[in-house]
Amino acid sequence: VSANGSVVLSEVVGTIKLKVFLSGMPELRLGLNDRVLFELTGRGKNKSVELEDVKFHQCVRLSRFDNDRTISFIPPDGDFELMSYRLNTQVKPLIWIESVIEKFSHSRVEIMVKAKGQFKKQSVANGVEIAVPVPSDADSPKFKTSIGSARYLPERNLVIWSIKSFAGGKEHLMRAHFGLPSVEKEEEEGRPPIAVRFEIPYFTVSGIQVRYMKIIEKSGYQALPWVRYITQSGGESARTP
């Protein structure tokens with residue numbers, strides 16, 4: 001996000017990971033809301049996603065996927081990454097950051113950061129960390145937060161604002177006050193962007209859906225598939241004005 005609030009670059013990079021506890025070597029088939037598959041089968045484009053740069057685990061039968069977009073495989077035991085993909089789509093930042101920096105007579109600086117959750121109200125972002133760069137010669141830090149806590153890391157010239165749980169649709173504020181011997185030095189160095197890290201369980205920003213997971217076995221094989229969606233921040237950053 002640029003300093004004037006416009007989204008400069010956004011994309012979604014995703015993976016599908018499996019944890020397998022199956023006896024024998026049954027064949028599995030995974031169904032997604034793949035746009036190409038929907039068009040091939042006449043379902044249209046509603047609620048489908050266009051997957052790009054798809055990469056599969058070696059157990060997937062690539063010829064079958066190339067032929068009719070079926071994801072068919074005999075999985076190894078335990079944890080593994082079945083596939084990765086990319087969506088080249090415009091996505092608004094899930095936690096929107098605005099900042100204001102005020103300097104006073106070359107002796108102190110105050111930084112105000114506002115964070116807003118731009119995702120569904122019933123969802124919650126966990127482990128939120130907002131890293132705010134500060135001048136290298138800052139000292140005497142004081143903080144005030146509407147939620148969570150802030151700490152100063154002088155060796156990295158950062159303030160880390162930590163929020164354990166951030167509900168969708170909510171706004172929160174953090175104010176930081178520093179003594180600042182030389183404002184001019186900071187201006188010459190320039191400012192790195194504010195970086196944001198978080199994780200939202202049971203939420204998918206890509207819109208990808210697991211439609212089914214089938215076990216292809218003639219003997220009436222019994223198993224229970226379980227799906228969990230999770231969204232993690234990548235390199236979300238916001239330039240300061």
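S233 is located in the loop that connects strand 15 (230–232) with strand 16 (237–238). The structure is a predicted model, and this loop residue offers a convenient point of entry. With a relative accessibility of 19%, S233 is classed as buried, because the class takes in values under 20%. Its surroundings can be named: leaving aside residues up to four places away in sequence, S233 is in contact with V196, R197 and F198. For F198 there is also a polar atom pair to report, since a polar atom of the S233 side chain lies 2.9 Å from the backbone nitrogen of F198.

From here the path leads to strand 13, which spans residues 194–201 and includes P201. Once residues up to four places away in sequence are set aside, P201 touches V124, N126, Y229 and I230. Of these contacts, I230 falls within strand 15 (230–232), the strand on one side of the loop that holds S233. Further along the chain, R211 comes 10 residues from P201, and the C-alpha atoms of P201 and R211 are 19 Å apart.

R211 itself falls within strand 14 (210–216), which is an edge strand of a sheet. That sheet is open and consists of 3 strands in the order 4-2-14, with antiparallel pairing. Its other edge is strand 4 (71–73); strand 4 and strand 14 each pair on one side only. On average, and with direction ignored, neighbouring strands of this sheet are turned by 15 degrees against each other.

The pairing of strand 2 with strand 4 can be followed residue by residue at one position. Strand 2 covers residues 27–32 and runs antiparallel to strand 4, to which it is joined by 3 bridges. Within this pairing, R29 has S72 of strand 4 as its bridge partner.

Strand 2 also leads to an enclosed space in the model. Rolling a probe the size of a water molecule over the atoms reveals where empty space remains. How many cavities of 30 Å³ or more does the structure hold? There is 1 such cavity, and the largest cavity has a volume of about 40 Å³. Its lining is formed by L30, G31, L32, D34, L37, F65, R69 and I71. Which element supplies the largest share of this lining? Strand 2 does, with 3 residues. The lining also includes I71, a residue within edge strand 4 (71–73).

How values were computed. Residues numbered from 1 in each chain as written. Predicted model: local features only at pLDDT ≥ 70, side-chain atom pairs only at ≥ 80, totals over all residues. Heavy atoms only, no water. Helix = DSSP H or I, 4+ residues; strand = E, 2+ residues; numbered from the N terminus. Buried < 20%, exposed > 50% of the residue type's maximum accessible area, 1.4 Å probe, protein only. Polar contact = N/O pair within 3.5 Å; in protein donor to acceptor, adjacent residues only side chain to side chain. Contact = heavy atoms within 4.5 Å. Pairing = 2+ DSSP bridges. Axes fitted to C-alpha atoms, helices over the stretch in contact; angles between N-to-C directions. 1 Å grid on protein atoms, 1.4 Å probe; cavity = no way out; pocket = protein on both sides within 12 Å on 5 of 7 lines; lining within 4 Å. Points joined across faces, edges and corners; volume = space filled by probe spheres on them.
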